[in-house]
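Before turning to individual residues, it helps to look at the chain as a whole and then to follow its cysteines. Please keep the sequence and the model side by side while reading.

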Amino acid sequence: MLPEKRFLLSDRLVDPNHCTISFTDTVNKVELRAMQVLLCLIEHAGKPVSRDMLIETVWRGGHISDNAINRIIGLLRNQLGDNAKSPQFIKTVPKVGYVLICPVSEVEETEEERVLTKLSKKELQHSDVTSWKNRVFCSLYQHTRVYIGLLVVMSIFFCYLFLAQSPTVHSPVVAKVSPLTFLEGQEFAPSLSPDSSLLVFSHRNEDNMRWRLGLMHMKTKEISFLSSAFENTNYPSFSPDGRSVAYIGFNSSGECEIRIVSIENGGFAESKTVTQCKQNSVSTSIAWHPSGLSLYYTDENLSNKYMSAKMVFSVSINGKNKRQLSQPFNVGRGDYAISASPDGKKLAVIRNVKWFQSVVMLFSLDKGSWETLFTVDYPLNSIIWSSDSTKLTYRAITGHLNEYDLSTKEDLEVALVSQRISRPMSNANGDVVAVAGNYYSSEIWKIDNPFENKKQNIISNRFIHSSSSDSSGVQSLNGDTVFLSSRSGTPEVWIKKSTGVEYQISQFNRYGIIRQLSFSINSKRLLGTFNSRVFIYDFETKYMDFVEGLDNVLAVTWGNGESEIIISRENLGNWSLDIFDTQQGKVIRSLSEDGVYGKYSEKRNSYFYIERNDNSLWESTEGKPHLVRSNFKVTHPTAWQIVGNSVYRINIAEHNSVIERLDLSSASVHSIALGSESFQMSGLSISQDGDILANKVSLGKMDVVKIKY
């Protein structure tokens with residue numbers, strides 16, 4: 001639990017309760033573990049803090065490598081704007097530890113904040129005074145005009161009942177987030193035993209990318225791991241009596257099973273197979289019936305050898321009585337997350353219907369009927385039942401916790417969460433655990449023009465990086481770079497000026513999927529999509545506007561002129577690639593009936609696009625298309641770009657990433673291998689001088705945390 005008080009480190013404002021570091025106009029989100037390390041340094045400001053002290057204070061004496069501590073210190077320096085070689089905040093003391101060398105002061109609550117905390121009490125006092133005045137007035141008036149007074153009293157009395165009983169204003173509380181696990185790598189899919197004494201989760205690290213089940217004693221923090229013949233074990237779920245854990249086991253060969261392992265003497269014991277799951281399935285959602293005699297889980301159609309939508313199944317723990325409970329949906333990933341109500345009468349099911357849209361549905365186990373509850377415009381991955389089976393709690397698009405009342409249909413924000421969390425889960429006691437952190441972390445690297453003088457070895461350097469994920473960098477003609485970052489807690493658009501200054505330019509202030517950033521030809525405007533809605537940002541007015549009528553766009557880029565854009569849309573499996581005029585607010589012509597991604601070349605005054613059926617590259621000049629190259633697969637709308645007379649793309653060749661340049665004049669292709677570099681197959685940007693911006697991805701840090709509110 002973090003303290004409520006705030007601190008000033010020189011001009012940096014540290015708010016532990018919200019896990020932020022602020023200065024000038026920038027607010028940076030800080031990992032919970034990093035904030036705990038910073039608080040330890042603040043507590044001993046001016047004095048060296050040893051690594052052993054940090055391990056004992058922050059990690060409660062767990063086994064932590066030097067790399068883990070170095071990573072946290074590096075994150076703090078980055079968020080504080082510090083430099084290890086000439087530190088202004090955190091100084092390394094060789095063979096000892098670290099010391100906070102900047103001025104430290106505690107920030108007191110302002111008068112405005114004190115007034116706000118007392119506001120509700122003053123309003124209640126005012127309400128009481130007003131009510132007594134009304135009563136006195138009614139009494140006096142009654143004695144003066146008996147008959148008329150009686151009518152007035154009755155009227156005022158009813159008005160009093162209506163007005164004095166003002167509606168209750170619901171205010172969410174600030175949730176307390178406490179770390180539970182401390183392993184290097186990633187912890188995922190947590191599940192608490194019914195009595196909250198044990199925590200089961202999956203874990204992996206970069207040295208061994210295979211998932212394995214871990215079991216932790218909540219008091220001693222002792223962790224043991226499941227020995228399994230399966231390469232991966234994941235998605236555990238405790239039985240109602242806490243004596244067993246159901247999970248999925250799968251191998252790279254395609255073998256997949258839903259299994260149960262017994263818990264004996266506080267550790268994993270014997271395991272057994274319940275049922276087979278589809279070949280190559282690597283994910284599921286498992287829930288127990290309150291009787292402990294059957295399971296509910298999600299899986300694909302076993303008879304379909306291709307990837308298909310997930311559905312809900314039930315099966316007895318002895319492997320018998322397997323039933324399919326839901327029907328396949330023709331759009332989206334299907335039913336991929338479930339939760340059984342404590343009374344055993346209902347299943348809450350999360351159905352993915354689009355890339356970014358999820359529908360929460362209710363399945364009656366008694367009647368076999370389905371009911372749609374609500375829709376959210378992001379990938380929801382878990383949902384929590386209240387102990388009385390009347391409410392559902394979930395992570396809202398804001399990143400906080402919302403509660404949905406099944407009877408009143410009210411959807412209220414109930415808890416503010418300072419960290420980015422996913423997969424919140426609860427047990428019979430109502431204790432909530434979740435995963436804090438990012439599944440992957442991303443940085444933007446600049447690759448010196450690899451095609452100049454036909455260099456054999458690429459030269460790359462970190463260009464944009466932080467403790468959050470930075471990706472999708474795009475450069476303008478004047479050297480400015482826009483990119484996506486989660487530094488402020490939610491994905492936003494940022495800009496790095498040619499001077500090196502970085503700041504946020506969008507204010508979405510909620511979770512969402514931002515895609516396809518691109519500068520206009522004169523670099524005065526920025527185009528992109530937010531949750532498949534097209535937006536345009538004007539750098540002169542600093543105003544962002546959404547384009548009306550474009551709410552289901554998968555890809556967008558600039559066309560010919562300042563008002564023309566190329567849009568790609570999909571509806572029930574049918575794709576369309578059109579040219580849209582933002583001033584007229586309508587499609588002015590179709591570019592391709594089967595095209596998926598399009599680009600405009602100012603130099604050639606023509607349009608390029610990829611055909612979906614055969615992955616061929618086409619060029620359209622004055623409405624006349626011709627084939628440029630067959631077998632030109634593009635995996636993402638930002639994985640290719642046209643600069644001058646060349647088409648660039650990131651591709652895979654012999655399991656390695658390569659950057660290809662297609663010369664449109666000679667039709668020759670030149671490839672540069674990226675070697676072992678972990679560059680992503682999207683986020684490609686080419687400057688006019690041939691330098692390349694690309695995303696470099698690594699595993700993010702994820703821990704299991706406890707959430708109390």
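Helices and strands are taken here as DSSP runs, with at least four residues of H or I for a helix and at least two of E for a strand, numbered from the N terminus. On that basis the protein chain of this predicted model has 5 helices and 57 strands. Of its 709 residues, 51% count as buried, and the accessible surface of the protein chain comes to about 34700 Å², with 49% of that area belonging to carbon and sulfur atoms. Among the contacts between residues at least 6 apart in sequence, 43% join residues that are at least 24 apart.

Against this background, the structure holds 1 disulfide, which joins Cys256 to Cys277 with an S to S distance of 1.9 Å. The two cysteines are 21 residues apart and link distant parts of the chain, since Cys256 lies in strand β17 (residues 256-264), while Cys277 belongs to the loop between β18 (267-276) and β19 (286-288). The torsion about the S-S bond of Cys256 and Cys277 is about -90 degrees, and the disulfide is therefore left-handed.

The surroundings of these cysteines can be described through their accessibility, for which buried means under 20% relative accessible area. Cys256 has a relative accessible area of 1% and is therefore buried; Cys277, at 6% relative accessibility, counts as buried as well. Two further cysteines may be read by that cut-off: Cys19 is at 0% relative accessibility and so counts as buried, and Cys102, at 8%, is likewise classed as buried.

Terms used:
Residues are numbered from 1 along each chain as its sequence is written. This is a predicted model: local features need pLDDT of at least 70, side-chain atom pairs count only at pLDDT 80 or more; totals for chains, interfaces and linings use all residues. Side-chain values use heavy atoms; hydrogens and water are left out. A disulfide is a pair of cysteine sulfur atoms within 2.5 Å. Buried means under 20% relative accessible area, exposed over 50%, partly exposed in between (1.4 Å probe, protein chains only). Contact means heavy atoms within 4.5 Å. Accessible areas come from the Shrake-Rupley method with a 1.4 Å probe; for residues, only the protein chains shown count as cover.
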